[in-house]
Amino acid sequence: MAKKIAVDPLMDKLVSLCKRRGFVFQSSVIYGGLGSCWDYGPLGVELKNNVKRFWWEAMTHRRDDIEGLDAAILMSPQVWVTSGHVEGFTDPLVDCKKCKMRFRADTLESKVCPNCGGELSEPRMFNLMFKTNIGPVDDGSGLIYLRPETAQGIYVNYRNVRDTARKKVPFGIAQVGKAFRNEIVTKNFIFRTCEFEQMEMQYFVKPGDDEKFFNYWREQRWAYYAKLGVRMDKLRWHQHGPDELAHYAKDAYDIEYEFPMGFKELEGVHNRTNFDLTRHQQYSGKDLQYIDQDNGNERYIPFIIETSAGLTRQLLMVLCDAYEDQKVADKGTDDDWRTVLHFHPTLAPITVAVLPLMKKDGLAELAQDIRQGLKEEFATDYDQGGAIGRRYRRQDEVGTPFCVTVDYQTKEDDTVTVRFRDSMEQVRVPIAGLVETLQERFAGRV
Ligand code: ATP
């Protein structure tokens, strides 16, 4: 086992840990699974909610100039005509004539099938949007799409939010939600999936101020990752070259993270010009101009600076970044190693685990009482099964930053042991001061 830890690639280890401990399961697994779709289990949904909350607080609660939104996934099909997705949201696909497998032509390194060496077809353009039908008649008249990005929900609500929240340019609208793309290349676990979540913020600025705010948002988004506690030497910027830049974009940078399969896009920061609102104004016939009352009622269509991050992709980054197989002893046994997820405490699915040393002699009941007292403040867990060392390891493996152990001394002097995940340090603390001690440590790491 100790040897296996050293040789298994990180992604394989993560996939297996996520399944074993209830972070991520393959979708519909009792029916053989549905490729590239994943379900988030008890710990996964907590981690995902925590990442989402971290982003939401940074992008809305801590700011005066950004409002939140939750637009519907299903939208008027005209939206996707206007946005250009119906016509242009395509990947070039090739089919293998022999084994019938399908690949994205732009990701292939050779001209033959990477699976069987067979001959490949000419590339065909394939639209990535999922189609469905609204209404009772299935004759094509009710054709609608599952949104492939959350951004359009923001653009079509730009005027609603501006007017109801009485915002002045510059201001932003933030949204977290599901997006769907019929992706062909979906390997690498939850990195690229057909159903995923995005965390997008569209910032509306005066034309001419766009470059200033583009640089500002690049700085803000970089600082966000530092606060999230990930290893900053694993992040880098990638500027879109002329061949990558969308036709409407003036400038675009991706923040890339070094995943086990190499540096890959995590988030895009884009200067989208006034393309989106100009198109929506043109196709909807609604006036989307901004009237700048502070500047002689000057009228303009705002430019948009977009920060577009994948929630599920950020989750994968957080998992990769936190994972460590750590050697903690040298006895030549399996117990020499522990697997630990060094999550930022605000992201950890469980913040505090309460563990009675023994089930008997009233220790279990005492531990349950202590847990009850912590529930208001923290996400807690309770575990009474197995040797205490094993239980610490189980918590390390899911990234629980604090364990509280209740033992015989607790019955005598109302103190407990607090054990810290990263340092494995243990301190004795009175129960009366437990919440404060944990809060201090929690804040200290933040
Ligand atoms: P790619 O070139 O990797 O297909 P993209 O440039 O099309 O991605 P955007 O449209 O800019 O991606 O989407 C913004 C963010 O949404 C990406 O940075 C990524 O984090 C996330 N994202 C996009 N597609 C997927 C997907 N299929 N699965 C998971 N996350 C995704």
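How are helices α3 and α8 oriented to each other, roughly parallel or oblique? To answer this in the predicted model shown above, it helps to begin with the two helix axes, which come within 12 Å and cross at roughly 140°. Angles over 145 degrees would count as roughly antiparallel, and since the crossing falls outside that range and outside the other named ranges, α3 and α8 are therefore oblique to each other. The crossing in which α3 passes α8 is right-handed. On the side of α3, which covers residues 42–61, the contact is made by Val-51, Phe-54, Trp-55, Ala-58 and Met-59, while α8 contributes Trp-217, Arg-221, Tyr-224, Lys-227 and Leu-228. Sorted by type, the residues of this contact are eight nonpolar and two charged, with no polar ones.

Helix α8, made of residues 210–228, also meets another helix, α10, and here the axes come within 12 Å and cross at roughly 45°. That angle makes α8 oblique to α10, and α8 passes α10 in a right-handed crossing. In this contact Tyr-224, Tyr-225 and Leu-228 of α8 meet Gln-314, Met-317 and Val-318 of α10, a set that divides into five nonpolar residues, one polar residue and no charged ones.

Leu-228 takes part in the contact with α3 and in the contact with α10, so its surroundings deserve a closer look because nonpolar side chains tend to be buried together in soluble globular proteins. Apart from its neighbours within four places in sequence, Leu-228 is in contact with Phe-54, Gln-314, Met-317, Val-318, His-344 and Leu-347. Leu-228 also belongs to the largest nonpolar core, which has 54 residues, and it is one of the members that touch the most others, along with Phe-23, Tyr-225, Met-317 and Phe-343. The largest share of this core, eight residues, comes from helix α10, residues 311–322. A second, separate core of 19 residues includes Val-352, Ala-364, Leu-374 and Val-416.

Stepping back to the whole protein, one finds 14 helices and 23 strands, and a C-alpha trace that spans about 75 × 65 × 50 Å along its principal axes. Of the 446 residues, 48% are buried. Among the contacts with a separation of 6 or more, 64% are between residues 24 or more positions apart.

The backbone also holds some details worth following. Most residues other than glycine have a negative phi, and most peptide bonds are trans. Against that background, the loop between α7 (158–164) and β9 (171–180) contains Pro-170, which is joined to Val-169 by a cis peptide bond with omega about 5°. Arg-166 lies in that loop between α7 and β9 too, and it has a positive phi of about 50° although it is not a glycine. A second residue of this kind is Phe-189, with a positive phi of about 60°, which lies in the loop between β9 and β10 (195–205). The two loop residues can be set side by side: Arg-166 is exposed, with a relative accessible area of 72%, whereas Phe-189 counts as buried, at 6% relative accessibility.

Finally, helix α12, residues 388–397, has as its buried residues Arg-391, Tyr-392, Gln-395, Asp-396 and Glu-397. Just after α12, Gly-399 takes a positive phi of about 85°.

Note on methods
Residues numbered from 1 in each chain as written. Predicted model: local features only at pLDDT ≥ 70, side-chain atom pairs only at ≥ 80, totals over all residues. Heavy atoms only, no water. Core = buried A, V, L, I, M, F, W, Y, C linked by side-chain atoms within 4.5 Å. Buried < 20%, exposed > 50% of the residue type's maximum accessible area, 1.4 Å probe, protein only. Helix = DSSP H or I, 4+ residues; strand = E, 2+ residues; numbered from the N terminus. Contact = heavy atoms within 4.5 Å. Axes fitted to C-alpha atoms, helices over the stretch in contact; angles between N-to-C directions. Parallel < 35°, antiparallel > 145°, perpendicular 65-115°, else oblique. Left-handed = near helix turned anticlockwise from the far one by under 90°. Nonpolar A, V, L, I, M, F, W, Y, C, P; charged D, E, K, R; others polar.
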